[in-house]
Amino acid sequence: MKNPTLPAEALTRRLARKVLSIGKADLTPLAIQQAKTCLIDAIGVSLAGSVEDATRILLRTPGVAQAPGRCRVIGTSTVTSALEAALVNGTAAHALDYDDFSSIMGGHHTVPLLPVMLALGEERGLPGEDLLLAYVVGVEVEIRMARALGFHHYDKGWHPTSTLGTFGAAAAAARLLALDEAQCATALSIAASMAAGIKANFGTMVKPFHAGQCARNGLLAALLAQAGYDAEPFALEDPQGFLHVFNGVGTFDTELLFKDWAAPLEIEGKTIALKQFPCCGSTHPAITMMLRLVREEGLRAQDVARIEILPHGRRLRHTDTPLPQSPLEAKFSVQYVVARALLDGSVRLKDFEGEAYAEPAIRALLAVTEARPHPDMADDAEEQWGAEVIVWRHDGQRLARRIEQLVGRGGDTPMTREEMWEKFEDCAQRALPGDQIAPLFETLERFEELDDVSRLTRLLAADAVQA
């Protein structure tokens with residue numbers, strides 16, 4: 001018997017109806033362009049991540065590469081099952097923490113979805129326009145869930161890329177599998193029991209594994225629902241369901257799941273951004289301010305006596321790593337990336353490889369660098385992606401740059417095609433032969449014209465790159 005405190009209709013059923021309500025006619029030119037931009041970027045960083053240890057160790061784990069199937073593991077000669085391909089490709093996509101993100105979600109919206117799209121698209125010979133629609137639906141679910149849960153979800157220690165990405169992946173898979181409303185609702189209920197990922201593992205291989213895990217789990221939830229599995233319809237709002245267990249009483253607003261659904265689509269929002277730098281997005285405002293000092297003031301590392309970094313408090317809680325001890329920790333060290341921006345005038349992939357984080361010149365700068373929350377940027381302020389960088393020169397001169405809001409590159413400051421190509425080529429050349437990269441990029445630019453996504457996934461293979 002249903003708990004009398006629960007509503008007449010389950011949230012999963014209402015959400016499933018919304019998931020199925022978005023059609024191809026609802027995809028505006030802006031939505032299509034934004035979706036393609038995010039997918040091009042995600043493919044590039046997936047190729048770069050395919051050669052990382054987090055991906056290669058996973059691929060060597062017994063059973064992962066050996067599962068029967070024909071789904072491509074990006075950047076390799078390996079084919080495996082849809083589930084295992086989603087797991088590995090999701091991990092690769094997030095291995096470098098270079099993938100796009102949503103400030104509303106508090107996480108990375110594309111990495112839970114792309115692996116599901118590619119796996120089902122390749123397995124079933126689906127066209128690009130079907131995948132684009134599934135992607136837009138998945139983003140809508142992820143960000144709507146984030147709006148309903150608020151910042152409390154992130155502050156409590158959950159990794160939204162994984163917890164909320166599981167629901168997005170299930171929704172995207174439901175569309176690609178053509179599930180009906182009841183099956184879609186069941187998939188979302190199953191996803192509620194498969195969502196996981198804690199911020200304590202940031203700075204380790206487990207963080208990118210979260211992305212692979214949620215892609216696989218979302219796909220598995222949809223496949224189980226299609227096969228006839230059942231699940232508790234009230235798995236979201238039950239007193240022992242997802243919302244109460246993951247957030248707590250009084251910390252969520254379920255009506256934000258549905259208010260003004262797809263009007264406009266979340267993929268069209270200005271809070272979706274690409275990463276210009278291959279490290280945690282929360283460090284980007286501070287990096288940008290240091291780069292402005294370097295370029296506008298002619299600042300050099302040898303001129304600096306002290307550096308003070310003052311990000312918004314929410315940006316610092318997971319990036320306050322004064323002395324990183326690994327390349328992964330360096331990605332979550334605002335101190336390191338700001339010092340690197342000063343030393344080199346750039347922050348690139350090579351800065352998170354080998355012993356770059358331990359270079360003597362970097363350690364010398366870290367010794368005179370302090371980071372603390374900005375006293376003038378309130379925790380509950382509308383704009384939460386600001387930072388100020390203050391530098392004292394040896395001659396006593398004080399230099400500073402401040403920005404109130406910088407959520408990566410997107411919205412009013414999108415990356416140009418040339419900038420996207422530069423990032424894509426830098427990433428893709430780590431896994432693919434040089435003559436394969438430009439044709440792949442051009443194919444991705446025509447994503448919606450693909451009659452079979454297998455035409456794309458063939459370009460993601462690199463027979464010379466072995467797991």
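**Exercise 1. At what angle do helices α8 and α10 pack, and which residues make the contact?**

Solution. Start with the geometry: in this predicted model, α8 (residues 160-176) and α10 (residues 206-227) pack at about 35°, and their axes are 7 Å apart. Next comes the handedness, and the crossing of α8 and α10 is right-handed. Now list who touches whom. On the α8 side you'll find T161, S162, G165, T166, A169, A170, A173 and A174. On the α10 side sit H210, Q213, C214, A215, N217, G218, L219, A221 and A222. Sort these by class and you get 9 nonpolar, 8 polar and no charged residues.

**Exercise 2. Work out how α1 is oriented against α9, and what classes of residue lie in their contact.**

Solution. First, the axes of α1 (residues 11-21) and α9 (residues 181-194) come within 8 Å and cross at roughly 120°. Roughly perpendicular covers 65 to 115 degrees and roughly antiparallel starts over 145, so α1 ends up oblique to α9. The crossing is right-handed. From α1, the contact takes T12, R13, L15, A16, R17, V19 and L20; from α9, it takes E181, A182, C184, A185, L188 and S189. The tally for α1 with α9 is 8 nonpolar, 2 polar and 3 charged residues.

**Exercise 3. Now try α2 and α4: what is the angle between them, and which residues meet?**

Solution. Helix α2 (residues 29-49) packs against α4 at about 95°, with the axes 7 Å apart. That value falls in the 65 to 115 degree window, so α2 and α4 are roughly perpendicular to each other. The contact consists of V45, S46 and G49 from α2, plus N89, A92 and A93 from α4. Class by class, that's 3 nonpolar, 3 polar and no charged.

**Exercise 4. Lay out the sheet of 4 strands: what is the strand order, and which helices pack on the sheet?**

Solution. Begin with the order, which is β6-β5-β7-β8 in an open sheet with mixed pairing. The edges are β6 (369-371) and β8 (398-403), each pairing on one side only. On average, neighbouring strands here are turned by 10° against each other, direction ignored. Zoom in on β7 (residues 387-393): 6 bridges join β7 to β8, and the two run antiparallel. As a spot check, W392 has R398 in β8 as its bridge partner.

Then add the helices. α12 (residues 284-297) packs on the sheet and touches β5 (304-311), β7 and β8, with its direction at about 135° to that of β8. α15 (residues 334-344) also packs on the sheet, touching β5 and β6, and its direction makes about 130° with that of β5.

**Exercise 5. Track down two backbone oddities: where is the cis peptide bond, and which residue other than glycine has a positive phi?**

Solution. Recall the background: most residues other than glycine have a negative phi, and most peptide bonds are trans. The cis bond joins A263 and P264, with omega at about 0°. P264 lies in the loop between α11 (242-246) and β4 (272-273). For phi, look at D97, where the value is near 55°. D97 sits in the loop between α4 (82-94) and β3 (101-102).

**Exercise 6. Step back: how does the radius of gyration of the chain fit a compact globule?**

Solution. The inventory is 19 helices and 8 strands. For 467 residues, a compact globule would have a radius of gyration near 23 Å; the chain has 22 Å, so the two agree. Along the principal axes, the C-alpha trace spans about 75 × 55 × 40 Å.

Notes: Residues numbered from 1 in each chain as written. Predicted model: local features only at pLDDT ≥ 70, side-chain atom pairs only at ≥ 80, totals over all residues. Heavy atoms only, no water. Pairing = 2+ DSSP bridges. Axes fitted to C-alpha atoms, helices over the stretch in contact; angles between N-to-C directions. Contact = heavy atoms within 4.5 Å. Parallel < 35°, antiparallel > 145°, perpendicular 65-115°, else oblique. Left-handed = near helix turned anticlockwise from the far one by under 90°. Nonpolar A, V, L, I, M, F, W, Y, C, P; charged D, E, K, R; others polar. Rg over C-alpha atoms; globule rule 2.2 N^0.38 Å.
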